[in-house]
Each structure stands twice: as C-alpha cells, then as structure tokens.
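Got your viewer open? Let's take a walk through this one together, one selection at a time.

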Amino acid sequence: MTSLDKVLRWIDSTRDQSTQKMARLISQPSVSSTGEGVKECAKILCDMLKEIGLDAKIMPTAGLPAVYAERIVPGTPTVMFYGHYDTQPVGDLNLWVTPPFEPAIRNGRMYGRGTGDNKGQLLTHIIAVDAFIKNCGELPCSVKFLLDGEEESGSINLATLVEENKELLKADVCYYSDGPIHYSGRPQVVFGCRGIIDAEIVIEENMRDCHSGHYGALIPNPAWRLVHLLSTMKSPDGKVLVEGYYDKVRAITPAEEEVVKDIPFNVKDYFEGVRHPGTGPEWDHVDAMKAHMFMPTMTISGLVSGHTAEGMATIVPYKATCKMDMRLVPDQDPDEIFDLVEKHVKKYLPEAEVIKHGKMYASRTDLELPVSKTVIGAVAEAWDADPVVVPLSGASCPEYVFSNILEMPTISVPYANPDEGNHGPNENFSLDLFIQGIKTTAHVLEAIARGNK
Ligand SMILES: [Zn+2]
C-alpha cells in the first residue's frame with residue numbers, strides 16, 4: 001500500500017471525527033463585521049493546529065488577528081494554505097431551520113454559519129496534514145497556513161500583514177479552497193480573479209431642491225448633468241470610453257484560449273431567475289467566458305438624485321450621486337484606473353467630486369507552470385474526472401496578496417456544494433464533499449512533493 005493509499009483509507013475511517021471537528025469550529029461564532037467570537041475562534045484554530053504537530057501562533061493585525069502555522073520538512077517544496085475563519089453575519093434568524101451556531105446534520109450536510117464559507121473548507125487542509133503526519137510519520141512537503149480573520153470584511157489588513165512578514169510567508173505555491181465546485185458537478189481549478197475599484201461621483205450644484213416651475217429653466221440640473229457625464233463614459237454597446245482604460249489589459253494566452261472552450265456554460269441555466277425570458281444579449285459561449293474573465297467592466301451600481309419616493313415631486317434636485325464598481329483584470333492597477341476615471345470626470349464636469357472607495361488587485365497565475373499542471377493532475381486523480389480549468393473568476397478576492405506581493409503561483413480549488421448558501425440562511429456543506437475535499441488536499445500535497453523529485 002502506498003503512503004497516499006494509507007492516508008486516504010484513514011480519511012475514510014475517521015469521517016465522524018472530522019465531522020465533529022467541523023462542528024467544533026462552527027459552534028464558535030466568528031463574525032468579522034461585529035467581531036463576535038473572532039478572537040476565541042482564532043484560539044481554537046491555533047490549538048487545533050498545535051495539536052496535530054504544527055508550530056502555530058496568532059498574528060495580530062490592526063484589526064482582527066490572523067492565525068499562522070507551519071511545519072517545515074527540509075528539502076521539500078512548501079505549500080501555503082490560505083483560508084478565512086471569519087464569517088458573514090447570520091442575518092434573519094427566523095430564516096434558519098436550525099440556529100446558525102448549533103451545527104446540525106440533515107440530508108448528508110452540516111448546516112451552520114461558516115460550514116462552506118470557509119471554516120469547513122479550511123479544515124479539510126488541516127485534516128489532510130494530520131492524516132500524513134499520523135499515518136506516514138511526516139508530511140511529503142512543507143506546509144504553512146495563513147488563516148485570515150477579516151476576509152468577509154474585505155481583508156483590509158492582510159496586505160500589510162503579508163508585506164511585513166514576507167520571509168516567514170515564503171512558499172512555492174499558495175493553495176486555497178473557497179466557494180463551490182463547478183455547477184456542472186465537476187471539480188474546478190481556478191487560477192485567478194478579477195480586481196476591483198469602487199468609486200462615487202457626486203455633483204452638488206444648488207443649495208436646495210427647487211420648484212421646477214420657478215427655477216427649472218434658470219438653474220442647472222445636477223441629475224441631467226450627471227447623466228450627460230455618464231454617457232461619455234460608456235458606449236451603448238458596452239465599451240468603456242475613458243481614455244487609457246484598456247491599455248494594460250493583459251492578452252489571453254494560447255493555453256487560456258484552449259481551456260475557455262472547455263468551461264461548461266449553459267446560457268439558459270446561467271441566466272435562470274436573472275434575465276427575463278426572450279431578452280438579450282445572446283451570448284456565444286467563448287465570447288461570454290472571455291468577457292466574464294479577461295475584460296474589465298464599469299458598472300453603475302447606484303444612481304440617486306431628487307425625489308425617488310412614491311408620488312411625484314416637481315423639483316430640480318440640488319444633488320446627484322452615482323456609485324460604480326469597476327472589475328479589473330491583470331495588469332490594470334486600481335489606483336491608476338481611478339485616476340483615469342477622475343481625469344475623465346474632471347474634463348467633462350469639473351465641479352463633480354470623485355471619491356475613491358475599496359479596491360483589490362486582480363490576480364492571474366500561469367496555467368502552464370509545472371505546479372499548475374501538477375495541481376490539475378492531482379485534482380483529476382482525486383476525483384477521477386477532469387476538472388474545469390478556470391483561468392480567472394469574475395469576482396474579486398485577496399488572492400493578489402499571494403500572487404503579487406509574495407510572487408507565488410496561487411491556485412484555488414473550491415470544495416463546497418454549489419447550493420452551499422454561503423452568506424445567506426441555512427449555509428451548509430455536504431459531508432461527502434467535505435471528505436472528498438480532505439482527500440483532494442492529500443492528493444495535491446502528495447503530487448506537489450512528487451513533482452519536485
Ligand atoms: Zn464569503
């Protein structure tokens with residue numbers, strides 16, 4: 001029996017024990033937006049990591065702490081596991097079938113806040129590490145863990161923490177599991193994510209809302225002026241008209257072109273419950289995937305001016321506001337993009353104010369690196385199915401901290417069920433997928449160690 005076989009067999013035979021470990025983590029609240037239970041949860045994780053033989057410590061930040069752990073096996077490559085132990089708030093308690101911090105098993109799933117996102121998923125890596133140490137005496141490669149306590153609040157202190165601990169956090173690859181497997185039921189391996197910059201445009205032209213009969217012809221209307229401005233920023237066919245906006249968009253590589261064709265994308269399923277039937281645009285599969293992953297967006301997320309409550313009010317509003325987010329791709333820099341947008345706004349509407357909000361950088365790891373191929377191969381082996389290879393997810397995450405600041409390949413293999421209900425009520429994690437996740441991590445560790453020999 002190979003050492004991997006031994007490990008996999010142990011993972012199956014300790015299913016109940018692993019499930020209890022997840023229950024232990026879920027019963028400790030850790031809501032970063034309020035801070036509820038976060039420090040206590042960090043302590044539990046730290047103890048859990050020490051218990052299996054890792055050097056673990058709590059790393060304070062200007063906000064909530066991170067948990068760090070490592071076990072170095074000389075002469076082996078190092079895998080950095082990232083995860084987050086904080087959760088979203090629970091929302092309306094009445095919508096939960098069982099209380100969010102009282103883990104309950106129904107239909108082969110564990111229900112509770114943080115099961116899928118992300119305590120249950122980060123635990124798979126801890127248990128896989130435990131499996132090797134217990135059954136083989138040692139790990140096949142070195143591991144480091146960095147568990148974020150603020151991911152659900154935007155990981156605001158993660159970049160600083162990483163900047164200040166570059167030497168400590170050195171590794172050959174960063175691996176993490178968050179989000180669901182592909183909705184087609186196949187596993188997915190994700191090599192990056194888009195960045196983001198949030199901005200707000202405010203134009204305040206008059207001292208108060210005015211009677212449109214008395215003043216409508218005589219004073220400027222900020223709502224119209226904002227609309228005119230916005231029409232200079234994006235064409236009706238979706239192209240952003242801000243000068244230089246696309247200058248740094250990195251070209252798609254031939255390998256990315258190839259894998260995009262293999263990503264299942266069913267227009268009907270994807271827009272189910274989103275678009276009204278019969279409305280467009282009619283997307284071609286490959287074009288849709290390219291627009292979704294490799295191109296930046298400019299989205300108006302809110303537009304407010306004047307009287308928006310019920311009934312009419314015949315006024316000239318004194319102020320108009322637009323909130324927008326721009327999803328960015330490598331190598332667009334969020335601050336540079338903000339500057340371009342601000343310059344554009346100032347050119348057309350000098351009196352407008354442009355306010356910068358949150359940002360994240362995009363991240364993209366090369367599919368053709370040896371470690372990329374190793375991870376794809378290991379996931380295929382673990383699942384006995386080819387994973388969907390996703391060059392970039394459309395959303396944004398703090399992955400750039402690893403790929404850009406620490407300059408390591410960063411690969412995500414999500415383990416949760418597509419209906420994990422994360423951020424909502426009745427969040428859950430399929431126990432079969434939880435166990436499959438532990439096994440997948442074991443395969444990945446073994447493959448990375450093997451790939452290095
Ligand atoms: Zn989340």
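## Stop one: the metal site

Start by selecting the zinc ion, which is coordinated by D117 (OD), E152 (OE), E152 (OE) and H423 (NE2), at 2.0 to 2.7 Å. Keep in mind that you're looking at a predicted model. Now look at the angles: the 4 donor atoms make angles of 52 to 140 degrees, and the site of the zinc ion is irregular. Tetrahedral would need all angles between 85 and 135 degrees, so a range of 52 to 140 degrees does not qualify.

Next, colour the donors and trace the chain through them: their spacing is D-x34-E-x270-H. D117 sits in the loop between β5 (109-111) and α4 (119-136), while E152 sits in the loop between β6 (142-148) and α5 (158-164), so this pair ties together parts that are 35 residues apart in sequence. Are D117 and E152 buried or exposed? Show the surface and check: D117 is buried, and E152 is too.

## Stop two: a covered strand

Select residues 78-84, which make up strand β3. How many of its 7 residues are buried? The count is 7 of 7, so by the under-20% cut-off for relative accessible area the strand is mostly covered. Both faces are covered: you'll find T78, M80, Y82 and H84 on one side, and V79, F81 and G83 on the other.

Now bring in the neighbours. β3 pairs with β6 in the parallel sense over 7 bridges, and M80 has K144 in β6 as its bridge partner. β3 also pairs with strand β7 (residues 173-176), again parallel, over 4 bridges. There, F81 has Y175 in β7 as its bridge partner.

## Stop three: aromatic rings

Stay with F81 and Y175 and switch on their side chains. The model has 10 aromatic pairs. In this one, the ring centres are 6.0 Å apart and the planes stand at 90 degrees, so F81 and Y175 are edge-to-face. The pair links distant parts of the chain, with F81 in strand β3 and Y175 in strand β7, 94 residues apart. F81 is buried at a relative accessible area of 1%, and Y175 is buried with a value of 1%. Add F145 to your selection and you have one aromatic cluster: F81, F145 and Y175.

For another pair, jump to Y245 and Y246. Their ring centres are 5.6 Å apart with planes at 80 degrees, so this pair is edge-to-face. Y245 counts as buried at 1% relative accessibility, whereas Y246 is partly exposed at 23%.

## Stop four: an open sheet

Which strands make up the open sheet of 4, and in what order? Reading across, it goes β12-β14-β10-β15, with antiparallel pairing. β12 (299-305) and β15 (353-360) stand at the edges with a single partner strand each, so one side of each has no neighbour in the sheet. Tilt the view to see the twist, which averages 15 degrees from one strand to the next.

Zoom in on strand β10 (residues 195-204) and strand β14 (residues 319-328), which pair in the antiparallel sense over 10 bridges. Here E204 stands opposite K319 in β14.

Finally, show two helices. Helix α7 (residues 222-231) lies across β10, β12 and β14, running at about 25 degrees to β14. Helix α11 (residues 334-348) lies across β10, β14 and β15, running at about 165 degrees to β15.

Key:
Residues numbered from 1 in each chain as written. Predicted model: local features only at pLDDT ≥ 70, side-chain atom pairs only at ≥ 80, totals over all residues. Heavy atoms only, no water. Donors = N, O, S within 2.8 Å, 3.2 Å for Na, K, Ca; no water. Tetrahedral: all angles 85-135°; square planar, octahedral: opposite > 155°, others 65-115°. Buried < 20%, exposed > 50% of the residue type's maximum accessible area, 1.4 Å probe, protein only. Pairing = 2+ DSSP bridges. Axes fitted to C-alpha atoms, helices over the stretch in contact; angles between N-to-C directions. Contact = heavy atoms within 4.5 Å. Phe/Tyr/Trp six-rings, centres within 6.5 Å; stacked < 30°, edge-to-face > 60°.
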